[in-house]
Protein chains: 2
Amino acid sequence: MDDEEAVLAANAEFYRAFEAGDAAAMATVWSTGPNVACTHPGWTAIAGRDEVLASWAGILEGSAGRVLCMDPVAHVIGDAAFVTCGESVGNNLLAATNFFAREGSDWRLVHHHASPVARLRERGAARWRPRSLN
Amino acid sequence: MDDEEAVLAANAEFYRAFEAGDAAAMATVWSTGPNVACTHPGWTAIAGRDEVLASWAGILEGSAGRVLCMDPVAHVIGDAAFVTCGESVGNNLLAATNFFAREGSDWRLVHHHASPVARLRERGAARWRPRSLN
């Protein structure tokens, strides 16, 4: 598995934990280092692992419904990487950026930024319509 | 100037170019490498330097009014870094993440993700009210 594949696997694990409401898995996905932040839709950034995981605990306690990650694209820059992707969370369509750092042999999430999508790009419209919304 | 200061200086230059409508400076801010992407408010990600700069050309041709970067916080991870900050663009309040990569002695922007802020966090509310909106 090369770096790009490993980053995409870590990204997929984030969405698996999100959909499953699995707080333990979510805690493992995130970095244990100092560079942890999260920008939830409609919010400004939260900083720090404890505060970020607390925000996710609240989200995971609810029922998000289906969580789909769409069209993830990974960009690896040394020991850091970012993934751009779409998210279908219940009936909401979002755009996300996930930033990972290499920690030992793992890639851990250091920052998640998700925001509502107001309109689809014409060129990508077909790709961005999740099956459940057809 | 340490890495964190250098990243914050590159971040400030992005906002200076944005407010000034300076397309040449904006082109210099962005990486010339393959890892260029941008998620504008309400949109999904655009990929590639040419397409990203074309999207900015459209923005810079308009008059954004005052552009303020608020509370930037830099996180450096080897040869990559991300900055979380608020943006006041005209009358719009946004949350942004800017991802930089070290290229030679410079830090260049590889990804910008901005999204509308629907509500202010109570704890940070005072910090997030730009002077011009008082």
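In chain B of this predicted model, strands β3(B) and β4(B) sit side by side and run antiparallel, held in register by nine bridges. One of the matched pairs puts B:Ala74 opposite B:Val83 in β4(B). The two strands make a hairpin with two residues between them, and there B:Gly78 takes a positive phi near 65°.

Zooming out, that hairpin belongs to an open sheet of six strands in chain B, and the order across the sheet is β2-β1-β6-β5-β4-β3, with mixed pairing. The edges go to β2 (46-47) and β3 (67-77) of chain B; each has a single partner strand, so one side of each is left without a neighbour in the sheet. Further in, β5 (residues 92-103) and β6 (residues 106-116) of chain B pair antiparallel over 10 bridges. Here B:Phe100 faces B:Leu109 in β6(B). A helix then comes into the picture: α1 (residues 3-20) of chain B lies across β3, β4 (80-89), β5 and β6 of chain B, and it runs at about 150° to β3(B).

Over in chain A, the story can start with helix α1 (residues 3-20) of chain A. This helix has 18 residues and reaches 26 Å from its first C-alpha to its last, close to the 26 Å expected at 1.5 Å a residue. Its buried residues are A:Val7, A:Leu8, A:Ala10, A:Asn11, A:Phe14, A:Tyr15, A:Ala17 and A:Phe18. What do these buried residues of α1(A) pack against? Their partners are α2 (23-29), β3 (67-77), β4 (80-89), β5 and β6 (106-116) of chain A. Following α1(A) comes A:Gly21, with a positive phi near 65°.

Two hairpins of chain A share strand β5(A). On one side, β4(A) and β5(A) pair antiparallel over 10 bridges, with A:Phe82 bridging to A:Phe99 in β5(A). Two residues lie between these strands, and A:Gly90 in the turn has a positive phi of about 60°. β5(A) also runs antiparallel to β6(A), and 10 bridges join them. In this pairing A:Thr97 stands opposite A:His113 in β6(A). Again two residues separate the strands of the hairpin, where A:Gly104 has a positive phi near 65°.

One residue of β5(A) deserves a quick look: A:Asn92, which is found in that strand (residues 92-103). Is A:Asn92 buried or partly exposed? It counts as partly exposed because it has 13 C-beta neighbours inside 10 Å, and the buried class asks for 20 or more. The C-alpha atoms of A:Asn92 and A:Pro116 are separated by 7.5 Å, although the two residues are 24 residues apart along the chain.

The two chains also touch each other, and the contact takes 33 residues from chain B and 33 residues from chain A. On the chain B side, the elements giving two or more residues are β1 (37-39), β3, β4, β5 and β6 of chain B. β6(B) gives the most, with five residues. Sorted by class, this side of chain B has 17 nonpolar, 13 polar and three charged residues.

As for confidence, the model scores ipTM 0.87 and pTM 0.88. Chain A has a mean pLDDT of 89, and 88% of its residues reach 70 or more. Among its elements, strand β1 (residues 37-39) of chain A has the highest mean pLDDT (98) and helix α4 (residues 125-128) of chain A the lowest (42). Over residues 122-134 of chain A the pLDDT is below 50, and this stretch has 13 contacts in the model beyond near neighbours in sequence. Where pLDDT is low, the predicted coordinates should not be read in detail.

Conventions:
Residues are numbered from 1 along each chain as its sequence is written. Chains are lettered from A and ligands numbered from 1 in the order in which they are written. This is a predicted model: local features need pLDDT of at least 70, side-chain atom pairs count only at pLDDT 80 or more; totals for chains, interfaces and linings use all residues. Two strands pair if DSSP finds at least two bridges between them. Helices (H or I, at least four residues) and strands (E, at least two) are DSSP runs, numbered from the N terminus. Two residues are in contact if their C-beta atoms, placed from the backbone, lie within 7 Å. Axes are lines fitted to C-alpha atoms, for helices over the stretch in contact, and angles run from 0 to 180 degrees between N-to-C directions. pLDDT is the predictor's confidence in each residue, from 0 to 100. A residue is buried if 20 or more other C-beta atoms lie within 10 Å of its own, exposed if 12 or fewer, and partly exposed in between; C-beta atoms are placed from the backbone. The expected span of a helix is 1.5 Å times one less than its number of residues. Ala, Val, Leu, Ile, Met, Phe, Trp, Tyr, Cys and Pro count as nonpolar, Asp, Glu, Lys and Arg as charged, and the others, Gly among them, as polar.
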